[in-house]
Amino acid sequence: MNAAVIKIAASILAADPLNIARDVARAANADYLHVDVMDGRFVPNVTFGPSLVQALRRETDRFLDVHLMVESPENLILSFAEAGADSITVHAELLPRLHRLLQTIQGLNCRAAVALNPGTPVLVAREVLSAVSMVLVMTVNPGYGGQTLIPETLRKVTELAELRESLGLSFDIEVDGGVTLENVHDFAAAGADVIVAGTAVFEAGDPAEAVARLRSSAEAHRRVSR
Ligand code: DX5
Ligand code: ZN
């Protein structure tokens, strides 16, 4: 992957639900559209289904980054892949089923990614690192947008960057939750390649300007290792 430039993933969780198409168009310079899928069980909130991904796919050729915060991804992976997801992320906390889930995603020609909750150590994902194209580090507890960064989680970003180097792997590291214009440099310095931002993009007066500013601040502080 070796992304030359840090990517910004705009999380549509923070878009106006009645105006998602308008908001997505306002953030047209975001590299990825991040779609948070919540089932009310894995996390205490409910959000989008495959039909939204299908609708986005009709609107845009942008990279659709689907983050499944659900207890039973088995029932959903095929639907999201058919709807047009480019990448599907499942959580490492589903450990006994994790490798099979990642294989299922790859078998559908999607990029497979694994996510770590704040309380989950990097070690839990160690055995699947060679099987993923991205590792998502949750920097807040999943479930809601607009939360405050848990700073300790950034240590895992650096740990993953070092592990990637020592293992000779090339997965991207994505950070998700609590990103603001004021702190985005900390995520970049820790080693993030893909930065998810919801509130910081869609609550800004000018979402495109917010994306550009997030990207340039992140680039200016990027960890140099790859
Ligand atoms: C939280 C989601 C995040 C969320 C981030 O469970 O996984 O993607 O949208 O929102 P902000 O950027 O507002 O913290
Ligand atoms: Zn997310």
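So, let's start with Leu214, which sits in helix α8, the stretch covering residues 207–220. One thing to keep in mind throughout: this is a predicted model. Is Leu214 buried or exposed? Its relative accessible area is 0%, so Leu214 counts as buried. And what does Leu214 touch, once we set aside its neighbours within four places in sequence? The contacts are Ile8, Val179, Thr180, Leu181, Val184, Ala197, Ala200 and Val201.

Now, how far is Leu214 from Ala112? Along the sequence they are 102 residues apart, and from C-alpha to C-alpha the gap is 25 Å.

Ala112 brings us to another residue, Ile88, because I'd like to show you its surroundings; Ala112 is one of the residues that Ile88 touches. Not counting residues up to four places away in sequence, the other partners of Ile88 include Val66, Leu68, Ile77, Phe80, Ala81 and Ile105. Cys110, Arg111 and Ala113 are also among them.

Ile88 belongs to the largest nonpolar core, which has 69 residues. Which residues have the most contacts inside that core? They are Ile12, Leu56, Leu68, Ile88, Leu160 and Ile195. Apart from that core lies another one, of seven residues, with Tyr32, Phe63, Ala113 and Val194 among them. As a reminder, nonpolar side chains in soluble globular proteins tend to be buried together.

For contrast, have a look at Asn109. You'll find Asn109 in the loop between α4 (95–107) and β5 (111–116). With a relative accessible area of 75%, Asn109 is exposed. Its phi is near 60°, a positive value in a residue that isn't glycine.

Let's zoom out to the whole chain. We have eight helices and eight strands. The C-alpha atoms fill a box of roughly 40 × 40 × 30 Å along the principal axes. Does the radius of gyration agree or disagree with a compact globule? For 226 residues we'd look for a value near 17 Å, and the chain has 16 Å, so the two agree. Of those 226 residues, 53% count as buried. Taking contacts between residues at least 6 apart in sequence, 64% join residues at least 24 apart.

And finally, the surface and the charges. The chain exposes about 9700 Å², with carbon and sulfur atoms supplying 50% of it. There are 19 positive and 28 negative side chains, and the centres of the two sets lie 3 Å apart. That's my tour, thanks for listening!

Terms used
Residues are numbered from 1 along each chain as its sequence is written. Chains are lettered from A and ligands numbered from 1 in the order in which they are written. This is a predicted model: local features need pLDDT of at least 70, side-chain atom pairs count only at pLDDT 80 or more; totals for chains, interfaces and linings use all residues. Side-chain values use heavy atoms; hydrogens and water are left out. Helices (H or I, at least four residues) and strands (E, at least two) are DSSP runs, numbered from the N terminus. The radius of gyration is taken over C-alpha atoms; the globule rule is 2.2 Å times the number of residues to the power 0.38. Buried means under 20% relative accessible area, exposed over 50%, partly exposed in between (1.4 Å probe, protein chains only). Contact means heavy atoms within 4.5 Å. Accessible areas come from the Shrake-Rupley method with a 1.4 Å probe; for residues, only the protein chains shown count as cover. Lys and Arg count as positive and Asp and Glu as negative; His and the chain ends are not counted. The place of a charge is taken as NZ of Lys, CZ of Arg, CG of Asp or CD of Glu. A nonpolar core is a set of buried Ala, Val, Leu, Ile, Met, Phe, Trp, Tyr and Cys residues joined through side-chain atoms within 4.5 Å.
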